[in-house]
Amino acid sequence: MTSPHSLPTLKRVAVCGGTHGNEMSGIFLAKHWVQDPSELQRDTFHATPFLGNPHAIEKGVRYIERDLNRTFSAEFLNLKDSDIGSYEVQRAWEVNQIFGPKGSSQAYDFMFDLHNTTSNMGTCLIVDSEHCLLPMHMCNYIQKHYTRSSCPIYFYQLPGEETYGINSVAKAGIALELGPQPQGVLRADLLAQMRSIMACALDFIDLFNKGMLFPAFEIDAHKVVQRIDYPRYPDGEISAVVHPDLQDKDFLPLKPGDPIFQTVNGEDILYEGADTTYPAFINEAAYYEKKVAFVQTEKRMFSLPALQKNF
Ligand SMILES: [Zn+2]
């Protein structure tokens, strides 16, 4: 048997709610934890809660000037003082100062980022890619111990694409993406699910820090293939809506010839891809401005090696 991969213990852990100011589960939890962080404490560490975009949270909007969760790339983090125009670029700098700097040895060991989606994605776990060994072991642990719902894994990073999300400031991280929940709304069921998954994830870190050996495993995950825009009129206006047969079918197979959009006249527009795909973020409210009707993913099995902390 080969020896497990080893990684340092996780001492500095952060939990961010409100990276998007209208995704209420994480905002509600982070505000509570700032007042009473006892739920975030374990024997070997305690996690630090914080609010990602305080100004947007105050206003109940996703962001003030630009999407904070697309602002942690070198393009923005390396701007000179005089170039910093927007609130979110300033906030990205602050977060990078406190929890990073991104890519440095001083950066936090792990960051959770709590999101909601208007799509029917259930209790989804978002990881950069299959190469993130510790986050993948955490996902596997959550899937085995949090059994009230399935927790599909979603890799957002396209090949060669730089990480740009808030948790990329830390050495490792995952995002929770729970839905469906309307923007600005708190649903008790999703709130309880997010809270339980966080507790489970913190237990995993504690066990890892205490030296538990996590064996090798195989796991299914969804990898982004491409983002699909709405059909549009020549002037750029949307010309069709998500098809009723596709609505709420996140992570279910979509086969060539299945309907994906419906025009105002009731005409169906069909999926013309060659292979079965697994759509996610179907009809996400925040993605209209990003020109994304849904994200096409492929479902694959990934093999991960065993993991244990450095002794
Ligand atoms: Zn979000």
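**View 1. The zinc ion and the spacing of its donor residues.** Along the sequence, the residues that donate to the zinc ion follow the pattern H-x2-E-x91-H. Keep in mind as you look around that this is a predicted model. The protein donors are ND1 of His20, two OE atoms of Glu23, and ND1 of His115, at 2.0 to 2.4 Å from the zinc ion. The arrangement of these four donor atoms is irregular, because the angles they subtend run from 58 to 150 degrees. His20 and Glu23 are both buried.

**View 2. A stacked pair of tyrosines.** Here we meet one of the 13 aromatic pairs counted in the model. The ring centres of Tyr230 and Tyr288 are 4.9 Å apart and their planes sit at 25 degrees, so this pair is stacked. It joins distant parts of the chain, 58 residues apart: Tyr230 belongs to the loop between S8 and S9, and Tyr288 to the loop between strand S12 (278-280) and strand S13 (294-304). Tyr230 is buried, with 3% relative accessibility, whereas Tyr288 is partly exposed at 36%. Together with Phe261 and Phe294, these two tyrosines form one aromatic cluster.

**View 3. Ile238 and its contacts.** You will find Ile238 in the loop between strand S8 (217-228) and strand S9 (240-242). Its relative accessible area is 28%, so Ile238 counts as partly exposed. Beyond its neighbours within four places in sequence, Ile238 touches Tyr230, Pro231, Arg232, Tyr233 and Tyr288. From C-alpha to C-alpha, Ile238 is 9.4 Å from Thr263, a residue 25 places away in sequence.

**View 4. An arginine over a ring.** Finally, look for Arg66, which lies over the face of Phe76 at 3.9 Å from the ring centre.

Methods. Residues numbered from 1 in each chain as written. Predicted model: local features only at pLDDT ≥ 70, side-chain atom pairs only at ≥ 80, totals over all residues. Heavy atoms only, no water. Donors = N, O, S within 2.8 Å, 3.2 Å for Na, K, Ca; no water. Tetrahedral: all angles 85-135°; square planar, octahedral: opposite > 155°, others 65-115°. Buried < 20%, exposed > 50% of the residue type's maximum accessible area, 1.4 Å probe, protein only. Helix = DSSP H or I, 4+ residues; strand = E, 2+ residues; numbered from the N terminus. Contact = heavy atoms within 4.5 Å. Phe/Tyr/Trp six-rings, centres within 6.5 Å; stacked < 30°, edge-to-face > 60°. Lys NZ or Arg CZ within 6 Å of the ring centre and 35° of its normal.
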